[in-house]
Amino acid sequence: MGEPVTDIDVAVVGAGAAGLAAAHRLRQRGVKALVLEARDRIGGRAHTVMTSAGFPVDLGCGWLHSADRNPWVPIARELGFGIDGRLPGWGGRLVRMGFSEAEQADWFRAREAFYERLETAAVGPDRPAVTLLEPGNRWNTMLNAISTWANGVELERLSLHDYFRYDSTDINWRVREGYGALVTRFGVGAPVRLGTPVRRIDWSGPAMALETDAGTVRAKAIILTVPPSVIAAEGIAFTPALPPKKLAAAHGLPLGVDNKLYFALDGDWPEIDRDWQVFGSTERTRTAAYQLKPLGQPLVEMFTGGELARDLEHAGEAAMAAFALGELAGVFGNRIRTCLKPLAASAWASDSYARGSYSYALPGHAGDRAVWAEPIGEQIFFAGEAASPHDFSTTHGAYLSGLAAVERALALMSGAR
């Protein structure tokens with residue numbers, strides 16, 4: 001065991017977007033801080049890898065959602081990263097699948113009617129979002145599939161209040177070098193100890209003790225940025241135990257599952273333009289969304305969510321690839337099978353430091369986000385995308401929550417002096 005550290009003002013648990021934002025702000029304020037990160041890298045669920053094909057791909061977050069107000073946009077520009085401002089072609093997926101104009105119009109009507117019912121129902125009691133589907137509508141499976149991609153879970157397990165509260169400007173851009181690469185570059189210079197999972201937090205006294213395999217860190221305050229799923233699974237022990245309402249909030253905000261698989265696209269394929277978007281199927285919820293030639297690169301991105309993503313992750317990357325090839329062959333013909341080579345895949349459900357991709361609220365638990373964000377006394381402060389009231393499931397929501405946690409902590413620490 002290493003020697004205890006006794007002179008830390010603030011310990012930050014987790015070096016994802018929230019933890020790095022907190023560390024950056026603490027450094028600006030001249031506060032002595034230390035970030036404890038369980039993984040051997042920083043970035044958390046923002047993770048860019050370089051493939052053997054020579055292109056960076058994001059296994060975690062990939063879109064600068066609400067880019068017109070996303071704080072990562074000016075950060076990217078300041079750090080010299082390239083921003084691609086082309087909006088995603090999500091609305092044209094049926095066009096590229098050969099649907100008629102009448103069918104496309106019918107889909108858009110069904111989608112808008114669903115969101116209108118969502119807005120109307122948001123003023124009433126919370127309930128499962130699946131209850132908003134129109135019985136017998138042919139597009140219900142697609143609306144449910146979209147929930148698996150947007151929320152990581154099917155509509156029957158999703159709070160309609162939480163679904164409604166997500167705030168988007170519908171301006172979505174990308175980082176050419178990778179969103180994860182941007183978050184990692186932002187974190188350079190932060191006081192981070194990698195490979196140092198926190199096993200127990202003793203908050204029984206004025207100086208809290210964070211027990212790790214490398215020794216005990218003592219701090220006046222803690223900013224905890226781990227996902228609620230880790231706390232619900234008792235990934236960190238607490239002495240004394242966390243308040244019951246905090247534990248209940250952790251269970252009410254599980255992480256849904258969304259995974260990606262990237263293929264190298266060999267061959268000219270002149271009929272496919274850059275950034276084409278298609279569905280694997282419009283007739284089932286257990287389907288994937290595909291982006292072809294993202295940013296003009298000879299790649300194909302498969303995006304799965306919900307139970308399908310969880311099941312394919314459990315089955316392995318080969319099963320994931322086989323599923324994708326079957327769906328893409330159904331859209332483009334069998335020739336595409338010979339042009340695709342798997343490169344890299346994510347597996348967020350089995351990541352013990354995440355246990356999923358991003359948070360959603362169970363029916364009746366939309367209020368748990370506010371509970372999760374509340375500090376415990378003047379000692380433990382919570383941050384991360386799950387703590388964001390309207391930008392949850394996003395990297396900018398995590399970033400902003402990290403800043404908010406620091407301001408709250410410093411205000412209370414200043415008042416206690």
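Asp275 is buried, with a relative accessible area of 11%, and in this predicted model the residue is found in the loop between strand S13 (258-265) and strand S14. Its backbone deserves a closer look, since the phi of Asp275 is near 65°, a positive value in a residue other than glycine. Most residues other than glycine have a negative phi, and most peptide bonds are trans. A second positive phi belongs to Leu295, where the angle is near 55°, again in a residue that is not glycine. Leu295 lies in the loop between strand S15 and strand S16 (299-305), and at 18% relative accessibility it counts as buried, because the cut-off for that class is under 20%.

The other backbone feature to inspect is a peptide bond. Thr239 and Pro240 are joined by a cis peptide bond, with omega at about -5°, and Pro240 has its place in the loop between strand S11 (237-239) and helix H9 (244-252).

From here the path leads to Thr282, which sits in the loop between strand S14 (276-279) and strand S15 (289-292). With a relative accessibility of 8%, Thr282 counts as buried. Which residues is Thr282 in contact with, leaving aside its neighbours within four places in sequence? They are Leu94, Met97, Phe99, Trp139, Thr141 and Met142.

Met142 also takes part in a helix pair, and so the view can move to helix H4 (residues 101-121) and helix H5 (residues 140-151), which pack at an angle of about 60° with their axes 10 Å apart. The two helices are therefore oblique to each other, and their crossing is right-handed. On the side of H4 the contact is made by Trp107, Ala110, Arg111, Phe114 and Tyr115, while H5 contributes Met142, Leu143 and Ile146. Sorted by character, the residues of this contact divide into seven nonpolar, no polar and one charged; the charged one is Arg111, because Arg belongs to the charged class.

A second helix pair is formed by helix H10 (residues 306-315) and helix H11 (residues 317-332), which pack at an angle of about 130° with their axes 5 Å apart. That angle makes H10 oblique to H11, because it falls outside the ranges for roughly parallel, roughly antiparallel and roughly perpendicular. Leu308, Leu312 and Ala315 of H10 make the contact with Ala319, Met320 and Phe323 of H11, and the residues involved divide into six nonpolar, no polar and no charged.

Further along the chain, Ala386 has its place in the loop between strand S19 (380-382) and helix H13 (395-416). Is Ala386 buried or exposed? Ala386 is buried, with a relative accessible area of 3%, and, not counting residues up to four places away in sequence, it touches Pro228, Leu253, Ser359, Arg369 and Trp372. The C-alpha atoms of Ala386 and Thr287, which are 99 residues apart along the chain, are separated by 26 Å.

The cysteines complete the tour. Cys61 is buried, with a relative accessible area of 18%, and Cys339 is likewise buried, with a relative accessible area of 8%. How many disulfides does the model contain, if a disulfide is a pair of cysteine sulfur atoms within 2.5 Å? By this rule the count comes to zero disulfides.

Methods. Residues are numbered from 1 along each chain as its sequence is written. This is a predicted model: local features need pLDDT of at least 70, side-chain atom pairs count only at pLDDT 80 or more; totals for chains, interfaces and linings use all residues. Side-chain values use heavy atoms; hydrogens and water are left out. Axes are lines fitted to C-alpha atoms, for helices over the stretch in contact, and angles run from 0 to 180 degrees between N-to-C directions. Helices (H or I, at least four residues) and strands (E, at least two) are DSSP runs, numbered from the N terminus. Angles under 35 degrees count as roughly parallel, over 145 as roughly antiparallel, 65 to 115 as roughly perpendicular and the rest as oblique. A crossing is left-handed if the near helix is turned anticlockwise from the far one by less than a right angle, and right-handed if clockwise. Contact means heavy atoms within 4.5 Å. A disulfide is a pair of cysteine sulfur atoms within 2.5 Å. Buried means under 20% relative accessible area, exposed over 50%, partly exposed in between (1.4 Å probe, protein chains only).
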